[in-house]
Amino acid sequence: MNEPVLNLTHIVKNFGQFRAVDDVSLSIPRGSIYGFLGPNGAGKTTTIRMILEIIKPSSGSISVLSTDSALKVRNRIGYLPEEKGLYKKMKVWAVIQYFAMLKGMDKQTAKTRAWELLEKYGLKDFGEAKVESLSKGMGQKVQVLAAVAHEPELVILDEPFSGLDPVNQTVLEELIKDMADNGQTIIFSTHVMQHAERLCDHILLISGGKKIFDGTLTEAKAGIPRRVILETSGDTQTIEQLDGVISVKPAEQNSAQDAATEWLVEIGEDVNPQDVLRHCFEAGISLNRFEFSEPSLHDVFVHLVGDEAREHSAR
Amino acid sequence: MNMIRLIAWREYMENVRTKGFWVTILIIPLIFIGMYFLQSALSNATPSRYFILIDQSGQYEDAVAVAIEREHQRRILQEFVNYLMENRKKTDLELTAANASNAADQLVDDVDADEVAALDQWLENGGLDYAVAMASPYLRDDIEPFEQPGPQFIAVDLPADVDAKATPEEIVTALRPYLTDEQEISLGSESGSLFALILIPENIDGDIARPGAMPAAPGTNRGVQYWARNLTDSRLPDAIIRSINAEIRESEYANLGVNTELVRNVQRTRMPISQLDPSAAAGEEMVSVADTFRQFAPIGFVYLMFISLMQNVQYLLSNTIEEKSNRIIEVLLASVTADELMMGKLVGIGMAGLTTIGTWLLSFFVFISLYSTAQTELITQVLEVILGSDLIPWFVFYYFAGYALYSGVFLAIGSLCNTLKEAQALMTPMIVIQIIPIAMMAFVVMDPNNTIVRTMSWFPLFTPYLMMNRAAADPPLFDVVGTTILLVASILLVLWLSGKVFKQGVLRTGQPPRVVELWKLLSAKA
């Protein structure tokens, strides 16, 4: 139980001159939902492909399910690649059955399982349809089902939410939670933070091939300053002098001409936000709004990789 | 192994389920059957041709009439021989000129050997009535009586307003509207289109060409004038000129005091030729029709191989590219090894190819067993000869070898390309290479151990085609063993190399690689 499902040790992958993954080490505990987060081109897909041994790392070592090669345990792994596609001419249930059989399931069990999954996740009516007749989102759901039909111990989903509407995103989240409840380990990559926030207990943040952070969600949030949002027309200068207040800045959405009415107050980890509120009363600053919220994963992401991500997209 | 079977089965089913697959399968037999029926329909459907004969010299009218009648009799003879072949008690491909055992077979063989002589004999013996009486003991009992074809060329009278004594120019001018179908010629109560005008001018004898005479100035209408718009059906002018020539020669002989009866007998004298096969056992050296077929059969096999291989590799390519462009390949590679995937594909598509060939053969058998005539009976016997010969094992071997070799190459191409369009550019040289032995196949059959052919047989991409092509001629053992070893070695090499390219190529995106990159792929450690 305590043995990690996956261990990456100093993984490097070069494509010619380009270093796609740069010295990433990682350990994924059994039964966790692990999010690979990072901007586009960060090296998430490359890392996943190396885990599955579709490509080999230039250096470093990988151990999957206590073996040195994913190929040896490939029947215990389920994989949904980033770019989605299925055999267009096949029937929906047959596709799921086929991929389950490729993972070693016998024909009859695979068929039963395919229909079971289709029913459970609302696709029963499309079971006999051909894949080409499905919408993109539905096709993607089918593909997720095909990837996990053989009940793998380790499920790796590369960008599973992209292209799904909100309703189906929720269905997929449920599927992931169901699998986690079932004791399966799930790794998924995304650049949409909300999903990771709702689902993950651990995350890996990666940017430009380098690991920025890995650990639990709580640890990730602890690493960035907490913030209070104030809305007032009064003078906020005195707040800055308070103990534990790091900075007071106008919130970004203020238009340039108007005097700032919304302020962002960053406070230290051990500061009680109530102290800021009390000061406002005492100093006679009248507040239209006072808001304190725990930082979101989005904040964490922007805080940790924001500049770098912008740099990447500008290139 | 299980995975290979699973992949192969899916590939097979996927192809077999497509409409295109069945279209290809059905279209070839349909074309053949259609062509067969069309041909017999066309030959029976040639309409009666009406012609006008004006003999101003008054010498050759009879000769022309004889020519037309002779042409008609020739047609009856041919039809009757077909009828005989269709309905005689036993058709035997092993039959040769020397061993024809009865009068009916003799007639068939005579027509085959020398139609002119056979026709003379036919007319001399009294034509159809005699032939029917002669052949009837050798025919099956349950057959329909022979139906004589109607005359094809029918003489009609000159229209009343045209003067047969006018100058040729005037006659032609008067008849031109009929010849160009602007006007129909009257045939008693009906009317029809005039096919030809045969005009023999008065002073025709002045135009007779003799050896040593000066050739005529171009542009002058000399001799018999044959006016017709149809330039392809030359039976009528041929028959007429043959007959007139015979007439002229006869009178020349007479003028020279030669006995024409003697001449004709001399002309009908002929020497038979026996084709003998030195490699056959004593007493069986006589080359029969069956032997000839056996010699030519490789052409059919080579062609079958070509069509089937082209179809297979096409599937292989498009399936691989579909998986690549859909990125299914990534899921597959997370489940099976690249080698398993490749082998599964090769086996699956190969089975689809065998299904095609099997269906073709089956529909062929069904056709000839349901529809039996002289020709199809011939085909049945040809098939028996071929199936009984040692060509089948050769075909099976070279088919699989060719498939393994070419599909290996095409699979590598498919793994490097993202779209069929890209693949087409890489495919073209491979197709051109296959066209070379296909274009050569008729020559190879005639001269199978020619030095150029022997040399080219050693090129592995040609080996399956050329060696199959040469198979019936018992190629030297050295060639057979040598090319086979080379072929098998190159199959292994190609499969190994394309396995490497496949592994590297399937996950590639973007343009197909340049040569340098390809070399890197091949030399990369997988």
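**S5 and S6, chain B**

I began with strand S5 of chain B, residues 194-200, and looked for its antiparallel partner. That partner is S6(B), and four bridges hold the pairing. For a single residue pair I picked B:Ile198, whose bridge partner in S6(B) is B:Tyr226. This is a predicted model, so I'm reading everything here as prediction.

**S1 and its neighbours**

Next I went to S1(B) and checked how it sits against S5(B). These two run parallel, with six bridges between them. B:Phe51 has B:Ala196 in S5(B) as its bridge partner.

Then I looked at S1(B) against S2(B). That pairing is parallel too, and I find three bridges. Here B:Arg49 is bridged to B:Phe153 of S2(B).

Reminder to self: pairing of strands in a sheet goes through backbone hydrogen bonds, parallel or antiparallel.

**The whole sheet**

Which order do the four strands take? I get S2-S1-S5-S6 in chain B, an open sheet with mixed pairing. The mix fits my earlier entries: S1(B) is parallel to S5(B), while S5(B) and S6(B) are antiparallel.

Which strands are at the edges? They are S2 (153-155) and S6 (225-228) of chain B, each of them paired on one side only. I also noted the twist, which averages 25° from one strand to the next.

**A helix on the sheet**

I wanted to know what packs on this sheet and found helix H3 of chain B, residues 61-87. H3 touches S1 (49-55), S2 and S5 of chain B. I checked its direction against S1(B) as well, and the angle comes out at about 160°.

**Where the chains meet**

I moved on to the contact between A and B. Chain A puts in 19 residues and chain B 16 residues. On the chain A side, I see that strand S5 (77-80) and helix H2 (92-102) each supply at least two residues. H2(A) gives the largest share of that side, four residues.

What is the chemical make-up of the side of chain A that touches chain B? I have 13 nonpolar residues there, one polar and five charged.

**Chain A overall**

Last, I took stock of chain A. I count nine helices and 13 strands. The chain has 315 residues, and 39% of them are buried. I also looked at contacts with a separation of 6 or more in chain A: 69% of these link residues 24 or more positions apart.

Terms used:
Residues numbered from 1 in each chain as written. Chains lettered and ligands numbered in written order. Predicted model: local features only at pLDDT ≥ 70, side-chain atom pairs only at ≥ 80, totals over all residues. Contact = placed C-beta atoms within 7 Å. Nonpolar A, V, L, I, M, F, W, Y, C, P; charged D, E, K, R; others polar. Pairing = 2+ DSSP bridges. Axes fitted to C-alpha atoms, helices over the stretch in contact; angles between N-to-C directions. Buried ≥ 20, exposed ≤ 12 C-beta atoms within 10 Å, placed from the backbone.
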